[in-house]
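Biologist: I've got a structure open in the viewer and I'd like to learn how to read it. Could you walk me through a few features?

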Amino acid sequence: MKKQQPIIEEDFLKNHLNLFHLSTIDGLESKKVILNDWFLKYRSGKLEGQNETSIAADFINDIFGDVLGFNYRNPNNWNLQKELKTLIDSRKPDGAIGYFNVEEDLSTNVYGVIEMKSANTNLDKKQNRADNKQTPVEQAFSYAPKYGKKCKWVIVSNFVEIRLYKSDDASKYEAFYLDQLKDEYQLKRFFFLLKIENLLSKDGTPRLERLIEKSREFKSQMANKDSSHILDRIYNLIKKFDGLMYVNPNILANAMPFNKGNRYVHHYSSFTLESTEKDIFSLFSGITIESQKILLSEPLRKELTEWGVVEFQDKISFLIKRFNECLIFKIRCYENVDLVHEHLSQSNSSIEGILSHEMRDYCGQMREFSIDLSNHETRCECLRCCYKRLDFSTVLKTLKAREGKEEHNTLESGYFHHIVGTNRFKTSFLIYKNIARQEKGGNQFLYFIAKYNLLRLHNLVDRAYSLEDKEEIMNEIKSIDLDAILHELDVIDLDQRKALIEIKDETIKKNTEKNIEEKIINLKKAKASFERGPDGSFPDYTFQLNKSLAAFLSHYSTNYILGDTFTGYKNLCKKVLEGYLISYSSHGYPAQLKQLEIFHVNLIVFDLYSETVKELCKTYKINDIALSENAKNDLLEKVKNFLQSNHGRIIWFEPIENVYLIQALTSLHFKQIYEHIFFNLFFLLSRTELTEDQCRTFIPVIIPFLKADNTLYAPRLKTLSKFITKYGNYFKSNELTSILSITLDKRRLSDNSLIKAIFFALNTFHSDFKLEDEVIIQKGILRSIEDHKYHDNLVLFWAVSTDTNKKILETEFFKKLDRKFAPYFYRTLLFYNVINIDYKDYFCQYVKSVNASKGNGNYKLWNGEPNIRNFDFINFALLLYSLNIDTNDTRIKQLSNLCEWHNWLINLDSFDYSKFKVEWVLIFHHEVILKRLGDVPIIRNKVKKELTENYHPRLADIYIKYLNK
């Protein structure tokens with residue numbers, strides 16, 4: 001018996017069914033009940049005794065109407081018509097499918113005919129009727145041409161079997177059997193091929209007809225897969241991913257011509273693509289790269305010419321560039337594959353099985369070819385590279401120039417408008433919408449990423465956008481179903497389909513998360529091992545982190561897939577940095593990360609919240625960060641570009657603000673990105689070693705930057721403060737005072753981290769400097785009046801001022817104290833030696849305030865340490881011991897109602913130590929007080945005795961550092 005020929009290639013159909021889910025069928029369970037009822041009727045024999053005419057209408061309504069979705073209940077517009085006469089001879093099939101309405105001739109809108117026969121009828125056997133000797137199939141086909149060109153489908157059934165034909169080919173059909181529809185695959189196939197959405201289309205060619213055509217293309221591709229030269233086959237492989245810059249190398253490693261078999265291979269690792277196919281060696285052995293140039297051997301040139309390969313030099317250049325973009329920098333293969341197979345045939349294992357997991361150097365046949373053409377010296381001016389250099393001026397000007405121009409409706413533009421939050425994300429929405437419209441039926445990758453990115457805009461638009469068309473935009477975004485879109489794309493190529501599924505399912509992100517989790521666990525084990533001793537053997541987990549991070553970032557950034565501002569993305573980047581910091585702090589580990597490279601810097605600057613960077617460095621006690629020279633130079637360029645981007649020319653010492661940046665910063669989304677970048681830049685600068693020349697590349701730009709800035713607030717400036725504290729010697733004194741003046745103009749005196757850093761730098765690195773500018777003094781006084789309680793920060797000015805300015809400040813200080821005594825402010829004046837304790841009666845007032853605010857001194861032990869809530873008395877004692885004030889001073893004797901530890905603290909030498917509690921020592925964290933305790937032998941002895949009886953780690957630390965004299 002001749003085998004049935006299907007209308008769609010079986011392998012092609014299977015690929016589509018893998019993406020078709022029964023869960024997308026509305027009312028699936030009730031539809032399965034209908035199918036089962038007809039199956040039970042057949043199995044019980046009820047169908048065999050009945051004439052098809054009496055039950056055909058019920059079958060058609062149930063199966064095609066209620067199950068497959070062809071409407072037959074709407075009296076105005078419907079899709080299922082019974083016994084519709086043909087245009088020519090008025091003969092009528094049992095049913096017809098199409099678009100029917102009350103206003104048009106029904107017979108002009110028939111898309112398919114349905115012919116029913118009784119249950120015991122052989123659909124391929126001639127009928128024994130006087131008026132019809134045709135087979136049921138021939139009879140059904142005789143109706144189709146009589147309804148015109150729209151009629152594309154012929155359906156024949158005997159209740160037990162349903163066949164679907166294309167109306168122009170009776171030799172091929174798809175068969176569906178009632179008794180097989182309990183099988184999930186057969187049920188999916190039944191719905192996929194027969195449902196209304198695939199058989200009918202008002203707008204053009206029905207989807208199933210398009211699938212049939214693509215199935216033929218698929219068959220042709222399979223037949224011609226080995227007929228061209230290996231170069232053209234690799235070229236065709238890479239070209240079919242146009243629209244994606246980064247393609248998962250594992251997809252390429254498993255695609256023809258790198259893998260001709262059906263077994264999945266693990267042939268990508270360490271940025272190297274491997275292949276066991278014969279022709280790979282003959283191609284890449286003839287290619288060498290020298291000084292960023294691709295050279296071809298004469299034998300390869302001759303071979304390519306004889307094969308008739310056109311433009312082979314350009315094709316090879318294109319391939320190597322694309323391989324590098326996909327993080328493939330080496331090719332590894334066998335010179336003589338047959339020799340390797342012969343060697344492996346002696347083992348009991350499958351040769352394919354052995355080579356699918358690991359390619360080893362069998363028989364000395366392994367060859368490796370470098371194809372690294374990446375040139376980091378070349379300066380690219382695309383938006384992504386400008387953004388990575390923090391050249392905001394170029395990025396924002398370019399985006400503005402592109403607005404409204406259809407040729408710039410690109411994923412790149414949409415991505416960076418999303419970063420900037422232009423028009424509260426509506427600009428990105430419109431760009432992605434236009435790309436989807438333009439590429440529908442065109443480049444499937446551009447189309448799919450545009451749809452994916454539209455979906456990712458949902459929460460951003462919902463939070464930020466508020467104009468009247470918001471509901472319309474939100475409904476359009478909500479209507480996007482990526483599974484349905486992938487299903488409708490009808491991608492016939494398996495490799496393309498894999499790449500699209502990876503985008504939809506976020507496969508690379510999920511795999512990276514899993515890999516990073518494993519690496520962190522292993523790195524922690526390695527760190528713990530080397531902290532115990534030098535012995536231990538662990539793989540290079542740091543390099544494995546690099547590989548995972550590179551693939552993850554390339555997938556998102558080079559393909560312009562939205563993700564970098566979302567929580568899941570940020571959490572993954574946090575884990576990656578944690579892994580790097582564990583490695584960085586694992587001293588003795590051979591694969592320790594000893595210095596950060598450019599991609600580590602990019603991770604910190606662009607992909608992490610500032611709080612995350614700070615928290616992780618604190619957790620792993622990373623105070624100093626070593627950068628490679630390349631990373632350091634890259635960081636310095638980033639910083640300079642960032643600082644220059646907020647202003648243009650400087651006219652009369654005043655920078656002209658960058659209007660593009662001002663507009664961009666109205667977006668809260670971009671403002672937060674901008675602030676995190678600033679914080680992270682100076683976080684790195686303040687923790688790495690820099691020379692004066694390196695610092696001077698950007699220090700002069702800090703002043704116009706701060707003048708033009710109206711965005712950054714105090715917490716974000718703390719890393720700049722730390723940078724000034726560390727590298728104040730590289731600032732000129734007039735630069736520091738300029739920053740001070742700008743800070744006073746722009747910020748309140750309460751933003752004291754920057755103020756303190758400036759005065760620290762002046763005192764420490766410019767000790768001869770004296771502040772002569774009375775305007776700055778008056779600004780400081782004005783700010784202190786505005787800030788009320790922040791007069792204490794004004795004291796910082798005193799130490800670096802000229803005598804004239806000191807007198808101005810002193811007048812202000814004493815006015816403050818005379819107007820309303822402020823204990824904290826007075827204490828600050830004493831610490832900075834502005835006055836002494838004998839000036840007026842201020843010290844007496846201070847002692848009285850301490851007595852009133854000190855509390856009763858009660859505390860509870862928390863984890864073995866006193867939990868103190870009131871620090872006023874401790875601060876008082878700190879002042880006494882810092883300034884060596886005599887505790888027997890009569891003014892101090894004003895203190896009353898002292899608790900035991902208060903009394904002890906100011907009477908260390910005369911205290912009754914029978915009342916002493918060792919736990920009091922744990923109250924203090926100040927070196928001044930702890931050193932003073934070390935002067936009292938009885939305290940030392942009591943602490944030592946306590947440690948021998950009840951060990952306490954912090955108490956032991958205090959004893960060793962301060963008491964054990």
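Modeller: We'll go through a sheet, the helices on it, one loop residue and a helix with its packing partners. Keep in mind that this is a predicted model.

Biologist: Let's start with the sheet. In what order do the 6 strands come, and is the sheet open or closed?

Modeller: It's an open sheet, and the order is β1-β2-β3-β4-β5-β6, with mixed pairing. At the edges you'll find β1 (77-82) and β6 (169-177); each has a single partner strand, so one side of each has no neighbour in the sheet. Going from one strand to the next, the twist averages 25 degrees.

Biologist: How do I see the mixed pairing in practice? Which way do β1 and β2 pair, and over how many bridges?

Modeller: Follow the strand directions. β1 and β2 are antiparallel, with 5 bridges between them, and K82 sits opposite G95 in β2. β2 and β3 also run antiparallel, joined by 4 bridges; here I97 has G112 in β3 as its bridge partner. Then look at β3 (residues 110-116) and β4 (residues 153-157): they run parallel, with 5 bridges. In that pair, I114 is opposite I155 in β4.

Biologist: What about side chains on a strand?

Modeller: The general idea is that in a regular strand they alternate between the two faces of the sheet. As for burial here, take β2 (residues 95-101): 6 of its 7 residues are buried, so the strand is largely enclosed by the rest of the structure.

Biologist: Which strands does helix α4 touch?

Modeller: Helix α4 (residues 136-143) packs on the sheet and touches β3, β4, β5 (161-166) and β6. Its direction makes about 150 degrees with that of β3. Helix α5 (residues 184-194) lies across β5 and β6, at about 135 degrees to β6.

Biologist: Now a loop residue. Where is A119, and is A119 buried or exposed?

Modeller: You'll find A119 in the loop between β3 and α4. Its relative accessibility is 11%; the cut-off for buried is under 20%, so A119 counts as buried. Setting aside neighbours within four places in sequence, A119 contacts L47, E48, N158, F159 and V160. For a sense of scale, try W798: its C-alpha is 106 Å from that of A119, and the two are 679 residues apart along the chain.

Biologist: On to helices. How many residues does α31 have, and how far does α31 reach?

Modeller: Helix α31 (residues 668-685) has 18 residues and spans 26 Å from first C-alpha to last, close to the 26 Å expected at 1.5 Å a residue. Of those 18 residues, 15 are buried, so α31 is largely enclosed by the rest of the structure.

Biologist: How do I describe two helices that pack?

Modeller: You give the angle between their axes and the distance between the axes. For helix α29 (residues 629-644) and α31, that's about 140 degrees and 11 Å. The pair is therefore oblique, and the crossing is left-handed. Among the residues that meet there are L635, F642 and L643 in α29, with Y674, I677 and L681 among those in α31.

Biologist: At what angle do α17 and α31 pack?

Modeller: Helix α17 (residues 411-420) packs with α31 at about 80 degrees, and their axes are 6 Å apart. These two are therefore roughly perpendicular. At this contact, H418, I419 and V420 in α17 meet H669, F670 and I673 in α31.

Terms used
Residues are numbered from 1 along each chain as its sequence is written. This is a predicted model: local features need pLDDT of at least 70, side-chain atom pairs count only at pLDDT 80 or more; totals for chains, interfaces and linings use all residues. Side-chain values use heavy atoms; hydrogens and water are left out. The expected span of a helix is 1.5 Å times one less than its number of residues. Buried means under 20% relative accessible area, exposed over 50%, partly exposed in between (1.4 Å probe, protein chains only). Two strands pair if DSSP finds at least two bridges between them. Axes are lines fitted to C-alpha atoms, for helices over the stretch in contact, and angles run from 0 to 180 degrees between N-to-C directions. Contact means heavy atoms within 4.5 Å. Angles under 35 degrees count as roughly parallel, over 145 as roughly antiparallel, 65 to 115 as roughly perpendicular and the rest as oblique. A crossing is left-handed if the near helix is turned anticlockwise from the far one by less than a right angle, and right-handed if clockwise.
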